[in-house]
Amino acid sequence: MAPKKAASKDGKKKKGGTEGDAELTTADLLNRAALRIESLERQLMWREEKMMEAVRAQKELRERVVQYDDDFKREKEEIFDITADMTRQYKGMQEELMRKINSLESTINTQRDELELARLAHEETRKQKDQVIALKDAEIAEQKQKMEEMAIEFGEMLKETLDKMGERIEVTSSSWELDAGAPIMNRLQEFKLNVADV
């Protein structure tokens, strides 16, 4: 494009200008072209620097993304390990609690059975004791009855004996003096009364 402009300017100068003007114009154009090249080179360098910065930033960003990804994976593994460990501990505690519950239920059932057996044994012992007490009470009542019968029988025998002795004493007392026999008869009479009261 620059040559076309130069040609058009040369044409204009040729029509209405001199050769010196044309030389200045060419030098001007060269100068402008050099400035433009320098400007373009500077823009290129600036763009290359920007591109290098962008590449550097992109590289840093990728490194950060890789680092974040590694951190995320590591944290995910740690969370998985922690979760697995907590699950294992929970299952272990659950199994331990189930073992304790089963053991306690077994102990409760055993003690309940033992308590029932002890209650039955106590009931049987109480029934046997009641039977023994009833037998003893019957024996005691029977012995009391026998004792009362024997006491009555003994009292009757004693009364008969005293009556017979009284009759004999009366028979034999006729030969004695009246004063000497009276106290003996009184004593026998008192003894009879005492025996009758018994």
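Buried means under 20% relative accessible area, exposed means over 50%, and partly exposed lies in between, with a 1.4 Å probe and protein chains only. The structure is a predicted model, in which local features need pLDDT of at least 70 and side-chain atom pairs count only at pLDDT 80 or more, while totals for chains, interfaces and linings use all residues. Residues are numbered from 1 along each chain as its sequence is written, and side-chain values use heavy atoms, with hydrogens and water left out.

**Exercise 1. Describe the helices, strands and surface of the protein chain.**

Solution. Helices (H or I, at least four residues) and strands (E, at least two) are DSSP runs, numbered from the N terminus. The protein chain holds three helices and zero strands. Along the sequence the pattern therefore reads α-α-α. Of its 198 residues, 6% count as buried. Accessible areas come from the Shrake-Rupley method with a 1.4 Å probe; for residues, only the protein chains shown count as cover. The accessible surface of the protein chain comes to about 18,400 Å², and 59% of this belongs to carbon and sulfur atoms.

**Exercise 2. State how many salt bridges are counted, and place the pair Lys 73 and Asp 69 in its helix.**

Solution. A salt bridge is a side-chain nitrogen of Lys or Arg within 4 Å of a carboxyl oxygen of Asp or Glu. By this rule the count is nine salt bridges. One of them links Lys 73 to Asp 69, with the closest N and O atoms 3.3 Å apart. Both residues lie in helix α2 (residues 19–173), where they are four residues apart, about one turn of the helix. Asp 69 has a relative accessible area of 34%, so this residue is partly exposed. Lys 73, with 45%, is partly exposed as well.

**Exercise 3. Is Asp 71 buried or exposed, and what is its salt-bridge partner?**

Solution. Begin with the accessibility: Asp 71 counts as buried because its relative accessibility is 19%. Next, find the partner: Asp 71 forms a salt bridge with Arg 74, the closest N and O atoms being 2.9 Å apart. Arg 74 has 42% relative accessibility and therefore counts as partly exposed. Finally, consider the spacing: the two residues are three residues apart in helix α2, which means that about one helical turn separates Asp 71 and Arg 74.

**Exercise 4. Analyse the salt bridge of Lys 146 and Glu 142, then name the members of a salt-bridge network.**

Solution. The side chains of Lys 146 and Glu 142 meet at 3.6 Å, N to O. Both residues belong to helix α2 and stand four residues apart, about one turn of the helix. At 38% relative accessibility Lys 146 is partly exposed, and Glu 142 is partly exposed at 42%. Elsewhere, Glu 123, Arg 126 and Asp 130 are joined into one network by salt bridges that share partners.

**Exercise 5. Which residues make a nonpolar surface patch, and which form a negative one?**

Solution. Patches are made of residues with over 30% relative accessible area and no salt bridge: like charges are joined within 9 Å, and nonpolar side chains (Val, Leu, Ile, Met, Phe, Trp, Tyr) within 5 Å. Leu 97, Met 98 and Ile 101 make a nonpolar patch of about 270 Å². Leu 97 is found in helix α2 and is partly exposed, at 48%.

For charge, Lys and Arg count as positive and Asp and Glu as negative, while His and the chain ends are not counted. The place of a charge is taken as NZ of Lys, CZ of Arg, CG of Asp or CD of Glu. The negative patch is formed by Glu 148, Glu 149, Glu 153, Glu 156 and Glu 160. Glu 160 is placed in helix α2, and at 48% relative accessibility Glu 160 counts as partly exposed.
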